[in-house]
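Student: Hi! I've got a new structure to look at and could use some company. Can we go through it together?

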Amino acid sequence: MSQKQMSLPAKLINGGIAGIVGVTCVFPIDLAKTRLQNQRSGQQVYRSMLDCLIKTVRSEGYFGMYRGAAVNLTLVTPEKAIKLAANDFFRHHLTKDGKGVNVFKEMLAGCGAGTCQVIITTPMEMLKIQLQDAGRLAAQQSTKAPIVTSAKLATTSAVPRRAYNVGPVPLNGKVSATQIAQELLRTQGVWGLYRGLGATVLRDVPFSVVYFPLFANINKLGKPSEDESAPFYHSFLAGCIAGSTAAVAVNPCDVIKTRLQSLNRGAHEESYSGIVDCARKVLRKEGPSAFLKGAGCRALVMAPLFGIVQVVYFVGVGEHVLSYSPYNVISS
């Protein structure tokens with residue numbers, strides 16, 4: 001691998017720009033995914049992704065579809081930068097004598113990238129989910145029973161030490177990501193922002209293990225020669241195929257993660273004590289199909305997101321920017 005390919009600052013810039021562009025394009029579908037995954041049987045506010053988006057626009061306006069987008073746009077830059085740059089970093093160090101990497105090493109590099117990204121992904125998803133799901137809870141409150149909000153952890157003694165869905169942030173009025181973060185830090189410390197960390201690892205590591213090798217091998221098919229890059233449209237299609245495939249493959253883990261990270265719940269919606277408890281309750285009360293809730297939305301999010309990400313990433317905006325910098329130092 002050449003020195004240019006391993007310019008870490010350039011990779012970080014590319015990943016950050018790619019994440020911002022991608023998230024801006026697909027965020028409304030991601031919002032629909034979160035709301036559909038949090039619905040329980042018999043308490044459905046939305047019938048489908050389209051129904052969810054239509055009802056969201058009617059009740060919350062156009063910008064209601066972008067609830068929680070500020071959190072994502074703020075944190076997606078370091079998140080995507082870490083994910084993509086870490087994968088390149090591990091691939092570079094797993095390459096011997098310029099012979100490239102086999103599928104096993106590609107999966108290993110993806111595993112390392114997925115593990116690194118959860119540092120940013122977990123608090124980002126934690127805050128985003130509260131804001132995205134607020135509209136569903138409000139809609140449920142207006143049509144059915146009132147929302148059950150939990151008491152503050154500081155005043156509750158009967159709550160198990162690792163209970164989930166027991167949060168200090170009520171939904172009376174609009175709340176911001178900053179308010180949620182401050183309340184969590186005040187009552188639970190930094191660990192409050194990392195609620196659902198295990199489930200996030202369980203989703204993101206397998207996702208990266210599937211995505212990166214699949215993308216690399218599909219993208220390789222479009223290369224005119226070993227030393228040339230694939231056309232941008234081929235990289236886009238490769239990103240779409242790999243992203244949607246990996247997204248559907250890990251959707252059960254995403255459902256569990258979404259449920260665990262939801263601080264507030266609607267009337268008669270159960271709480272969970274951990275990953276295994278959540279999986280058991282979902283399977284028992286909602287059946288195996290519940291683990292595929294939002295799978296279509298997730299595929300529709302990840303396909304264009306990673307298609308856009310890979311095109312922007314491979315265009316090499318970061319390398320172009322750094323070529324004009326007086327501190328243009330390429331790492332070896």
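Tutor: Sure, let's take it one topic at a time, keeping in mind that this is a predicted model.

Student: Great. How many helices and strands are there in the protein?

Tutor: The protein has 11 helices and zero strands. Read along the sequence, the pattern is α-α-α-α-α-α-α-α-α-α-α.

Student: And how much of the protein counts as buried?

Tutor: Of its 332 residues, 52% count as buried.

Student: Which residues does the UniProt annotation "transmembrane region" cover?

Tutor: According to the UniProt record, an unreviewed entry, that annotation covers residues 12-32. In the model, this span is 100% helix and 0% strand, and its end C-alpha atoms lie 29 Å apart.

Student: Okay, new topic. Why is helix H8 described as largely enclosed by the rest of the structure?

Tutor: Helix H8 runs over residues 251-261, and 10 of its 11 residues are buried, so the rest of the structure largely encloses it. Among the buried ones are Asn-251, Cys-253, Asp-254 and Lys-257.

Student: What about Ser-262, where is that?

Tutor: Ser-262 sits in the loop between H8 and H9. Its relative accessibility is 5%, so Ser-262 counts as buried.

Student: What does the side chain of Ser-262 lie close enough to for a distance to be given?

Tutor: A polar atom of the Ser-262 side chain lies 2.8 Å from the backbone oxygen of Thr-258. Thr-258 is one of the buried residues of H8. There is also a link across the sequence: Ser-262 and Lys-128 are 134 residues apart along the chain, with 9.7 Å between their C-alpha atoms.

Student: Let's move on to H9. Is Lys-281 buried or exposed?

Tutor: Lys-281 is in helix H9, residues 275-286. With 19% relative accessibility, Lys-281 counts as buried, because the cut-off is under 20%.

Student: Where does the side chain of Lys-281 reach?

Tutor: The Lys-281 side chain reaches the backbone oxygen of Ser-271, at 2.9 Å.

Student: Now the holes. How many cavities of 30 Å³ or more are there?

Tutor: The count comes to two. The largest has a volume of about 280 Å³.

Student: Which residues are closest to the centre of the largest cavity?

Tutor: Of the 23 residues lining the largest cavity, the closest to its centre are Glu-79, Lys-80, Glu-125, Met-302 and Leu-305. The elements that each give two or more residues to this lining are helices H1 (8-38), H3 (69-94), H4 (103-143), H6 (197-220) and H10 (295-315).

Student: And what classes of residue make up that lining?

Tutor: The lining of the largest cavity has 10 nonpolar, three polar and 10 charged residues.

Student: I like aromatic rings. How many aromatic pairs does a search of the whole structure find?

Tutor: The search finds 10. One of them is Phe-89 with Phe-90, an edge-to-face pair with 5.6 Å from centre to centre and 75 degrees between the planes. Phe-89 is partly exposed at 34% relative accessible area, and Phe-90 is partly exposed at 27%.

Student: Why does the pair Phe-207 and Tyr-211 count as stacked?

Tutor: The ring planes of Phe-207 and Tyr-211 are at 10 degrees, with the centres 5.8 Å apart, so the pair is stacked. For stacking, the planes have to be under 30 degrees apart.

Student: Where do Phe-207 and Tyr-211 lie?

Tutor: Both are in helix H6, four residues apart, which is about one turn of the helix. An α-helix has 3.6 residues a turn, so residues three or four places apart point the same way. Phe-207 is buried at 2% relative accessibility, and Tyr-211 is buried at 0%.

Student: Which residues form the aromatic cluster with them?

Tutor: Phe-212, Phe-215 and Phe-306 join Phe-207 and Tyr-211 in one cluster.

Student: One last thing: is Gln-140 buried or exposed?

Tutor: Gln-140, in helix H4, is buried, with a relative accessible area of 1%. The C-alpha atoms of Gln-140 and Gln-44 are separated by 8.4 Å, although the two residues are 96 residues apart along the chain.

Student: And Leu-237, where is its place?

Tutor: Leu-237 is in helix H7, residues 232-249, and is partly exposed, at 48% relative accessible area. Leu-237 and Val-311 are 74 residues apart in sequence, and 9.5 Å apart in space from C-alpha to C-alpha.

Terms used:
Residues numbered from 1 in each chain as written. Predicted model: local features only at pLDDT ≥ 70, side-chain atom pairs only at ≥ 80, totals over all residues. Heavy atoms only, no water. Buried < 20%, exposed > 50% of the residue type's maximum accessible area, 1.4 Å probe, protein only. 1 Å grid on protein atoms, 1.4 Å probe; cavity = no way out; pocket = protein on both sides within 12 Å on 5 of 7 lines; lining within 4 Å. Points joined across faces, edges and corners; volume = space filled by probe spheres on them. Nonpolar A, V, L, I, M, F, W, Y, C, P; charged D, E, K, R; others polar. UniProt positions renumbered as here; feature names shortened; annotations may be inferred. Phe/Tyr/Trp six-rings, centres within 6.5 Å; stacked < 30°, edge-to-face > 60°. Polar contact = N/O pair within 3.5 Å; in protein donor to acceptor, adjacent residues only side chain to side chain.
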